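Thanks for coming, everyone. Please bring up the sequence and the structure, and we will walk through them together.

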Amino acid sequence: MAVAITEFSGFCGFLPVEKIAEYLSFVPELVELVTRPIAEAFRQAVVQPQPTHESIQACLKDVFSKLMSADDKAVQHEVFNLVNRYDAGGAKPVEAGLRDLVLELNRQFPGDVGIFCAFLLNVVKLQAGQAVFLKANEPHAYIYGGGHGFLQRMTQFDHWASPTDIMECMATSDNVVRAGLTPKLRDVPTLTSMLTYTWGPADSQIMPPTPWRSTKSTTIYDPPIEEFSVLLTKLGPQSLEEHEAIDGPSILIVAGGDGVLKWKERDGTEGEVAFEKEGAVFFLGAGVPTTFVAGTNGLTFYRAFVEVP
């Protein structure tokens, strides 16, 4: 899950299959890499009177696998053709919204196969405070705002990242598999074999925050998994917020401002620690109520936690 600190955009999951079929009808460079038989099989699977989820899923896997495993020289040639067509004003109406994105990706990663993922994956745009959640085995890539662009698969999530633009929380992971828009090692066979090949609109990925318990300045991002939830607390100068005890451990990271954290152990022992700089990280044990007092600059922090049954 990624919470936007600044404006953020990324690829998140596969587009609705009707939209992919449309691109496979009007983007000749994409069809050349996917091959016409595979493109036509996909289009036919989508327009069937009673298409089955399994048949479309299999065809989507064929399309993505064929694209990502295409010969490097063929990919570079078709990217060249696509970019030249766009530069010459040849973008078709169905492509108009992707022209600038394709050109920008090509400037960052010239001739990369990941450029064609603009025709297969959702582009999700977030404003500060909005969040996006991705389930395991779904492709995603950062376009701008949080780290560098890379097309990858994650089975589960495992760390915080990119604190300048997004706050990202991940549960236990078995590592990352990359396939495009990256200078790092790529493993196309593993990625294409492990994706779920589910699809849906971009807004289905967005997760709105909701108020948390009886607090005044804290909201919760609560994905439909047991591994974690994330709290966001924003306090004005010299203000105070109390968090009830959470039945599980927490990791807290300061995103801005300064202040003091106070707590009381179960044996009655009291403790206090100062938040003096952005990026400071603290571990909070289970079952401990806490009080946060903002300094003269206010205080903003994220708190990831898991409740243990």
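I will start with the overall fold, then take one helix, two loop residues, the cysteines, and the cavities.

First, a caution. This is a predicted model. Please keep that in mind throughout.

Now the overview. The protein chain has 309 residues, and 50% of them count as buried. It holds 7 helices and 17 strands. How far does the C-alpha trace span along its principal axes? About 70 × 40 × 35 Å.

Let's go to helix H3. It covers residues 36–47, which makes 12 residues. Does the length fit, or what should we expect? At 1.5 Å a residue, H3 should span 16 Å. Its end C-alpha atoms are 16 Å apart, so the two agree.

Which residues of H3 are buried? They are Ala39, Phe42, Arg43, Ala45 and Val46. These buried residues cover an arc of only 160° around the axis, so they sit on the same side of H3. Note that an arginine, Arg43, is in that buried set. Now turn the helix round. The face away from the buried side carries the exposed residues Arg36, Pro37 and Val47.

Step back just before H3. Thr35 is in the loop between helix H2, residues 28–34, and H3. Look at its backbone. Thr35 has a positive phi of about 85°, although it is not a glycine. Why point that out? Because most residues other than glycine have a negative phi. As for its surroundings, Thr35 counts as partly exposed, because its relative accessibility is 24%.

There is another case further along. Arg213 is not a glycine either, and its phi is positive, near 50°. Where is Arg213? In the loop between strand S10, residues 210–211, and strand S11, residues 218–221. With a relative accessible area of 37%, Arg213 is partly exposed.

On to the cysteines. How many disulfides does the structure hold? The count is 0. Take Cys117. It is in no disulfide, and the nearest cysteine sulfur, in Cys12, is 13 Å away. Cys117 is also buried, because its relative accessibility is 1%. Then Cys169. Why is there no bond here? Because the closest cysteine sulfur, again that of Cys12, is 16 Å from the sulfur of Cys169, which is too far. A disulfide would need the two sulfur atoms within 2.5 Å. Cys169 counts as buried too, at 5% relative accessibility.

A quick stop at strand S3, residues 121–126, which contains Val124. Is Val124 buried or exposed? Buried, with a relative accessible area of 2%. Compare its position with Thr219. The two are 95 residues apart along the chain, and their C-alpha atoms are separated by 22 Å.

Last, the cavities. A search of the whole structure finds 2 cavities of 30 Å³ or more. The largest cavity has about 90 Å³ of space. What lines it? The lining has 12 residues, and Ala2, Leu134, His140, Tyr142 and Glu168 lie nearest the centre. Strand S2, residues 8–14, and strand S5, residues 138–144, each supply at least two residues of that lining. By type, the lining of the largest cavity divides into 9 nonpolar, 2 polar and 1 charged.

That is the tour. I'm happy to go back to any part on the screen.

How values were computed: Residues are numbered from 1 along each chain as its sequence is written. This is a predicted model: local features need pLDDT of at least 70, side-chain atom pairs count only at pLDDT 80 or more; totals for chains, interfaces and linings use all residues. Side-chain values use heavy atoms; hydrogens and water are left out. Buried means under 20% relative accessible area, exposed over 50%, partly exposed in between (1.4 Å probe, protein chains only). On a 1 Å grid over the protein atoms alone, a cavity is a set of points where a 1.4 Å probe fits but cannot get out, and a pocket is an open set with protein on both sides within 12 Å along at least five of seven lines; lining residues have an atom within 4 Å of a point. Grid points are joined across faces, edges and corners, and a volume is the space filled by probe spheres set on the points. Helices (H or I, at least four residues) and strands (E, at least two) are DSSP runs, numbered from the N terminus. Ala, Val, Leu, Ile, Met, Phe, Trp, Tyr, Cys and Pro count as nonpolar, Asp, Glu, Lys and Arg as charged, and the others, Gly among them, as polar. The expected span of a helix is 1.5 Å times one less than its number of residues. The arc is that of the directions from the helix axis to the C-beta atoms.
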